[in-house]
Amino acid sequence: METSLDRLRAAQQVVDQLKSELDAVDVVLPSLGVDPLTLAGSGPESPYPLVDLGRCNIDTALRLAAVLSEGRR
């Protein structure tokens, strides 16, 4: 049975993987992390944690858009 702690660990692994992939293409999302508000529930029916992509400046947003565009080609 999956617990809240298991879900938190899974969410953190996803965040770490995403950070690593973004670093590889020189994109840094400074606020990237697990959204702490979604961890407030408890018990087996609690919501799953969300990955917060956060806020970034215009240059970072443009870089991310360029990387995504290149990936579609």
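Which residues form a nonpolar patch on the surface? The answer is in the second legend below, after a look at the whole chain.

**View 1. The whole protein, from end to end.** This is a predicted model, and its secondary structure comes to two helices and two strands. Follow the sequence along and you meet the pattern α-β-β-α. The radius of gyration is 15 Å, well over the 11 Å that the globule rule gives for 73 residues, so the protein is more spread out than a compact globule. Taken along the principal axes, the C-alpha atoms fill a box of roughly 40 × 20 × 15 Å. As for what is tucked away, 21% of the 73 residues count as buried.

**View 2. A nonpolar patch on the surface.** Here are the residues from the opening question: Val14, Leu18, Val51 and Leu53. Together they have about 290 Å² of accessible area. One of them, Leu18, belongs to helix α1. Leu18 counts as partly exposed because its relative accessibility is 30%, and partly exposed covers the range between 20% and 50%.

**View 3. The salt bridge in helix α1.** The structure holds one salt bridge, and this is it: Asp6 pairs with Arg9, with the closest N and O atoms 4.0 Å apart. In general, side chains of opposite charge can pair when their charged atoms come close. Both Asp6 and Arg9 sit in helix α1, which covers residues 4-24, and they are three residues apart, about one turn of the helix. Asp6 has 31% relative accessibility, so it counts as partly exposed.

**View 4. Just ahead of helix α1.** Thr3 is found in the segment before α1. With 38% relative accessibility, Thr3 counts as partly exposed. Now look for Tyr48: Thr3 and Tyr48 are 45 residues apart in sequence, yet their C-alpha atoms are 9.9 Å apart in space.

**View 5. An unusual backbone angle at Asp26.** Most residues other than glycine have a negative phi. Asp26 is not a glycine, but its phi is positive, at about 60 degrees. You'll find Asp26 in the loop between α1 and β1, the latter being residues 33-34. Asp26 counts as exposed because its relative accessibility is 63%.

**View 6. Helix α2 and its cap.** At the N-terminal end of α2, Asn57 acts as a cap: one of its side-chain oxygens lies 3.2 Å from the backbone nitrogen of Asp59. How far should helix α2 span, at 1.5 Å a residue? Its 15 residues, 58-72, should span 21 Å, and the end C-alpha atoms are 21 Å apart, which agrees.

Note on methods. Residues are numbered from 1 along each chain as its sequence is written. This is a predicted model: local features need pLDDT of at least 70, side-chain atom pairs count only at pLDDT 80 or more; totals for chains, interfaces and linings use all residues. Side-chain values use heavy atoms; hydrogens and water are left out. A salt bridge is a side-chain nitrogen of Lys or Arg within 4 Å of a carboxyl oxygen of Asp or Glu. Helices (H or I, at least four residues) and strands (E, at least two) are DSSP runs, numbered from the N terminus. Buried means under 20% relative accessible area, exposed over 50%, partly exposed in between (1.4 Å probe, protein chains only). The expected span of a helix is 1.5 Å times one less than its number of residues. A polar contact is a pair of N or O atoms within 3.5 Å; within protein, one must be able to donate a hydrogen and the other to accept it, and residues adjacent in sequence count only if both atoms are side-chain atoms. Patches are made of residues with over 30% relative accessible area and no salt bridge: like charges are joined within 9 Å, nonpolar side chains (Val, Leu, Ile, Met, Phe, Trp, Tyr) within 5 Å. Accessible areas come from the Shrake-Rupley method with a 1.4 Å probe; for residues, only the protein chains shown count as cover. The radius of gyration is taken over C-alpha atoms; the globule rule is 2.2 Å times the number of residues to the power 0.38.
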